[in-house]
Amino acid sequence: PDIDVLSSLWMSQPDSLLAHRGFTHSFLFILLAVPLLSVFARYFLKTINLSFKEWCILIGSGLIIHIFIDAFTTYGTGWFEPFSHTRIAFNSLYIIDPVILLIPFISAIALLVLKVDHPKRKSWAGIALSLCCIYLMSAMAIKYIVNGIVKENISTQHILSDRYMTSPAPLTNLLWFIIIESGQGYYVGYYSLFDKHNFINLEYVMKNDSLSNNISDRK
């Protein structure tokens, strides 16, 4: 799916940012790509004795997991392109999460080292998948807790909020970035799971969106 990064070679930066995680991260793309890639694999990888159905399962599961994990990050993923431009983002993982990368990486190394008929291969794969699922569920649980604390602060600090967003800070699920939209600006702050209290120190930043009025005629 990340082949869409090649679009940056001929698109402007704003357009390429929108193109990334677009159609190639959609369910329609997977439906189209899986049979084509499976035919390609059957023809060019004849030494691997897999049926067309088995190739579809192998490739399809990989693509599904890819776009599923991407939706947990803050960037947003175009599951329903081109029918809907809505981006799915659960905002519970940072774009590069060391844990969710390290667990499968260690398992993959083990599977490369162990012989094909080694009895521990399935255990390595199963444990890695299980740990990743547990980590994803814990990330969602932490986000639920953080959201509750943010709502509490909106109430106790008497903030007139239109909407808010919480997302993990870089490379961690222990520190969370918070942005609350309110009127002509945003309240911005951080909350750590190690904080001894639930009070969030928020800084107000003006939108200043009126400054763009002078250039509204420029694309």
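## A nonpolar patch, two helices and three salt bridges

Leu102, Phe105, Ile106, Ile109, Leu112, Val113 and Trp124 come together as a nonpolar patch on the surface, and their accessible area adds up to about 740 Å². Patches consist of residues with over 30% relative accessible area and no salt bridge, where like charges are joined within 9 Å and nonpolar side chains (Val, Leu, Ile, Met, Phe, Trp, Tyr) within 5 Å. Accessible areas are computed by the Shrake-Rupley method with a 1.4 Å probe, and for residues only the protein chains shown count as cover.

Before going on, a word about the model. It is predicted, so local features need pLDDT of at least 70 and side-chain atom pairs count only at pLDDT 80 or more, while totals for chains, interfaces and linings use all residues. Residues are numbered from 1 along each chain as its sequence is written, and side-chain values use heavy atoms, leaving out hydrogens and water.

### Helix H4 and the patch

With six residues, helix H4 (residues 98-113) gives the most to the nonpolar patch. Helices (H or I, at least four residues) and strands (E, at least two) are DSSP runs, numbered from the N terminus. Trp124 belongs to helix H5 (residues 121-156) and is partly exposed, at a relative accessible area of 37%. Here, buried means under 20% relative accessible area, exposed over 50%, and partly exposed in between (1.4 Å probe, protein chains only).

H4 has 16 residues, and its first and last C-alpha atoms are 22 Å apart, close to the 22 Å expected at 1.5 Å a residue. The expected span is 1.5 Å times one less than the number of residues. Ile100, Ile103, Ser107 and Ala110 are the buried residues of H4. They cover an arc of only 110° around the axis, which puts them on the same side of H4; the arc is that of the directions from the helix axis to the C-beta atoms. This buried set packs against H5, where contact means heavy atoms within 4.5 Å. Turned away from the buried side, the opposite face of H4 carries the exposed residues Leu101, Phe105, Leu112 and Val113.

### Helix H3

Helix H3 (residues 52-70) has 19 residues that should span 27 Å at 1.5 Å a residue, and its end C-alpha atoms are indeed 27 Å apart. Trp55, Ile59, Gly60, Leu63, Ile67 and Asp70 are buried in H3. Their arc around the axis is only 110°, so they sit on the same side of H3. These buried residues pack against helix H2 (27-44), whereas Lys53 and Ile57 are exposed on the other side of H3.

### Salt bridges

Side chains of opposite charge can pair when their charged atoms come close. A salt bridge is a side-chain nitrogen of Lys or Arg within 4 Å of a carboxyl oxygen of Asp or Glu. Searching the whole structure finds three of them.

| Pair | Closest N and O atoms |
|---|---|
| Arg21 and Asp70 | 3.5 Å |
| Glu181 and Arg163 | 2.6 Å |
| Lys207 and Glu181 | 2.7 Å |

Salt bridges that share partners join Arg163, Glu181 and Lys207 into one network. Within this network, Glu181 counts as buried at 11% relative accessibility, Arg163 is exposed with a relative accessible area of 58%, and Lys207 is partly exposed at 24%.

As for the pair Arg21 and Asp70, both residues are buried.
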